[in-house]
Every structure is written in C-alpha cells, then in structure tokens.
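This report describes selected features of the structure shown below, beginning with one of its helices and ending with a loop residue.

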Amino acid sequence: MRIVLDESKCSGLGMCEAEAPDLFEVQDDGSLRVLDDRPPEDQYEVARAACDACPTEALSIVEDDR
Ligand code: SF4
C-alpha cells in the first residue's frame, strides 16, 4: 500500500491526522506531512479510515502489495 497526497486539494484540516496520528502530521504552516507513505500492514485499516475521512479527497491509496 502506498498513500498518495494531492497537496493541491489538501486544506490542512487534520481529519486524517485525527484518524491516523502515526501516519499524518499537520505542520504549523497548515501543510500536511505524510509521516509514512508506505505504512506497515497493521496500519492499513487506519490509513484507509484516514483517506475516507478526508473531506477534500486529497488522499488516495494505491494498492501495490508493498
Ligand atoms: S484530512 Fe484531507 S484536507 Fe485534511 S489535512 Fe488530511 S489530507 Fe489534508
């Protein structure tokens, strides 16, 4: 799995961070940092929840079996 962020769509609201604080961190300037764009398998569920929670559809998941 790979997490892809479209920065042009991200509004820095932090819903993804609320769902998956180990994977996402909103910076002081409001931009989002993806802490781990290739999360371990035990984080897949929260990664998907975080992508679903994003109100601007800035996050997507690529399933590449890694
Ligand atoms: S939930 Fe979406 S818009 Fe909000 S910080 Fe995360 S990626 Fe950006």
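## The two faces of helix H2

Helix H2 carries the exposed residues Glu45 and Asp52 on the face turned away from its buried side. The model is a predicted one. The buried residues of H2, which spans residues 44-53, are Tyr44, Ala47, Ala50 and Cys51. These four lie on the same side of H2 because they cover an arc of only 125° around the axis. An α-helix has 3.6 residues a turn, so residues three or four places apart point the same way.

The packing partners of this buried side come from several elements. The buried residues of H2 pack against helix H1 (15-19) and against three strands, S1 (2-5), S2 (24-26) and S4 (59-62).

## The ligand and its surroundings

The ligand is located in the largest cavity. It is surrounded by 13 residues, and the closest of these are Cys10, Ser11, Gly14, Cys16 and Cys54.

Classified by residue type, the shell around the ligand comprises nine nonpolar and four polar residues. Charged residues are absent from this shell.

## Glu57 in the loop after H2

The loop between H2 and S4 contains Glu57. The phi angle of Glu57 is near 55°, a positive value in a residue other than glycine. Most residues other than glycine have a negative phi.

Glu57 has a relative accessible area of 60%. Because this value is over the 50% cut-off, Glu57 is classed as exposed.

Notes
Residues are numbered from 1 along each chain as its sequence is written. This is a predicted model: local features need pLDDT of at least 70, side-chain atom pairs count only at pLDDT 80 or more; totals for chains, interfaces and linings use all residues. Side-chain values use heavy atoms; hydrogens and water are left out. Buried means under 20% relative accessible area, exposed over 50%, partly exposed in between (1.4 Å probe, protein chains only). The arc is that of the directions from the helix axis to the C-beta atoms. Contact means heavy atoms within 4.5 Å. A residue is near a molecule or strand if one of its heavy atoms lies within 4 Å of it. On a 1 Å grid over the protein atoms alone, a cavity is a set of points where a 1.4 Å probe fits but cannot get out, and a pocket is an open set with protein on both sides within 12 Å along at least five of seven lines; lining residues have an atom within 4 Å of a point. A molecule sits in a cavity or pocket if more than half of its atoms lie within 2 Å of its grid points. Ala, Val, Leu, Ile, Met, Phe, Trp, Tyr, Cys and Pro count as nonpolar, Asp, Glu, Lys and Arg as charged, and the others, Gly among them, as polar.
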